[in-house]
Amino acid sequence: MEPIKSRLTSVDFLRGLASLSVLIFHAMIHRPDPPLQAWMRPFHEVILHGHLGVPLFFVISGFCIHLRWAKQYARTGEKRKLDFTNFWKRRLHRLYPPYFILLCITIAMVLAAYFLHRDVPILTLYPEPRLPWIGIDFIAHVFMLHGLHPVLDQAGGNGVYWTLAREEYFYIMYFGLLACTPALDTLTTC
């Protein structure tokens with residue numbers, strides 16, 4: 001029997017493509033006018049749909065976490081559950097340190113703008129009094145709860161943090177769904 005590869009190159013390629021499309025989209029949306037050269041206009045139109053890389057990335061992430069379970073099932077034939085605790089330890093160990101460092105930097109920049117009385121768009125997201133809201137925002141982002149409040153969801157000093165919260169919520173829902181699979185099995189065999 002051939003060993004099962006731990007990574008799929010095609011999935012990694014799609015994940016990179018999704019990330020790159022979002023990055024290029026964000027770089028291009030600040031360009032006021034489409035390019036003048038006719039050969040560049042079709043590329044510009046494609047780039048304007050780069051935001052669709054976010055849902056693609058979510059789908060790929062869902063596929064990747066289920067793939068681990070599916071490989072286990074293919075190897076053993078048992079429908080054992082994924083280790084919820086081990087999954088979160090791995091995820092937090094890999095992603096949380098850089099997220100936390102960037103969160104601290106972006107909140108520090110928000111605080112600097114606040115104390116220097118700069119009129120920047122990120123500050124207008126917070127209701128008055130702003131300073132307590134900035135503190136609440138930081139705590140909500142530390143615990144990935146910012147997606148549960150519309151003001152905090154787009155703040156944190158970096159509006160794209162909302163994607164991390166959604167991904168975590170999807171993972172929690174996945175484990176809930178996976179926990180229900182014995183019940184789903186009995187429904188489908190009836």
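This tour moves through a predicted model, from the whole chain to its helices, its pockets and a few individual residues.

**The whole chain**

Begin with the full chain in a cartoon representation. The secondary structure comprises 9 helices and 0 strands, and from the N terminus on the elements run α-α-α-α-α-α-α-α-α. Colouring by accessibility will bring out the buried residues, which make up 28% of the 190 residues in the chain. In a contact map, 58% of the contacts with a separation of 6 or more link residues 24 or more positions apart.

**Helix α1**

Select residues 9-28, which form helix α1. At 1.5 Å a residue, the 20 residues of this helix should span 28 Å, and the distance of 28 Å between its end C-alpha atoms agrees. Show the side chains of Val11, Ala18, Val22, Phe25 and Met28, the buried residues of α1. Now turn the view to look down the helix axis: the buried residues fall within an arc of 135 degrees, so they line one face of the helix. On the other side of α1, select Thr9, Phe13, Leu23 and Ala27, which are exposed. To see what covers the buried residues of α1, add residues 41-47 and 53-76; the covering elements include α2 and α3, respectively.

**The largest pocket**

Next, display the pockets. The largest pocket holds about 1,500 Å³ of space. Centre the view on Arg15, Arg91, Arg94, Glu167 and Tyr171, which are the closest to the pocket centre of the 48 residues that line it. Then extend the selection to α1, α3, α4 (84-115) and α8 (162-179), the elements that each give two or more residues to this lining. The largest share comes from α3, with 12 residues. Colouring the lining of the largest pocket by residue class gives 25 nonpolar, 10 polar and 13 charged residues.

**The second largest pocket**

Move to the second largest pocket, whose volume is about 200 Å³. Select Leu17, Ser21, Val46, Ile47 and Gly50; of the 13 residues lining this pocket, these are the closest to its centre. Helices α1, α2 and α3 each supply at least two residues of the lining, and α1 gives the most, with 6 residues. By class, the lining of the second largest pocket has 9 nonpolar and 4 polar residues, with no charged residues.

**Helix α8**

Return to α8, one of the elements that contribute to the lining of the largest pocket. Helix α8 has 18 residues and reaches 26 Å from its first C-alpha to its last, close to the 26 Å expected at 1.5 Å a residue. Its buried residues are Thr163, Ala165, Glu167, Glu168, Tyr169, Tyr171, Tyr174, Phe175 and Leu178. Two of these names, Glu167 and Tyr171, have already appeared among the residues closest to the centre of the largest pocket.

**His141 and Pro150**

Select His141, in helix α6 (residues 130-142). His141 counts as buried because its relative accessibility is 0%, under the 20% cut-off. Display its surroundings: leaving aside residues up to four places away in sequence, His141 touches Tyr99, Leu103, His146, Leu152, Ala155, Gly156 and Tyr161.

Continue to Pro150, in helix α7 (residues 150-153). At 66% relative accessibility, Pro150 counts as exposed. Add Leu125 and draw a distance between the two C-alpha atoms: they are separated by 9.7 Å, although the residues lie 25 residues apart along the chain.

**Backbone geometry**

The last stops concern the backbone. Most residues other than glycine have a negative phi, and most peptide bonds are trans.

Which two residues does a cis peptide bond join? Select Glu128 and Pro129, where omega is about -10 degrees. Pro129 is found in the loop between α5 (121-124) and α6.

Next, select His117, in the loop between α4 and α5. Its phi is near 55 degrees, a positive value in a residue other than glycine. Is His117 buried or exposed? With a relative accessible area of 71%, His117 is exposed.

Finish at Met144, in the loop between α6 and α7. The phi of Met144 is near 60 degrees, again a positive value in a residue other than glycine. Met144 is buried, with a relative accessible area of 14%.

Note on methods. Residues numbered from 1 in each chain as written. Predicted model: local features only at pLDDT ≥ 70, side-chain atom pairs only at ≥ 80, totals over all residues. Heavy atoms only, no water. Helix = DSSP H or I, 4+ residues; strand = E, 2+ residues; numbered from the N terminus. Expected span 1.5 Å × (residues − 1). Buried < 20%, exposed > 50% of the residue type's maximum accessible area, 1.4 Å probe, protein only. Arc of directions from axis to C-beta. Contact = heavy atoms within 4.5 Å. 1 Å grid on protein atoms, 1.4 Å probe; cavity = no way out; pocket = protein on both sides within 12 Å on 5 of 7 lines; lining within 4 Å. Points joined across faces, edges and corners; volume = space filled by probe spheres on them. Nonpolar A, V, L, I, M, F, W, Y, C, P; charged D, E, K, R; others polar.
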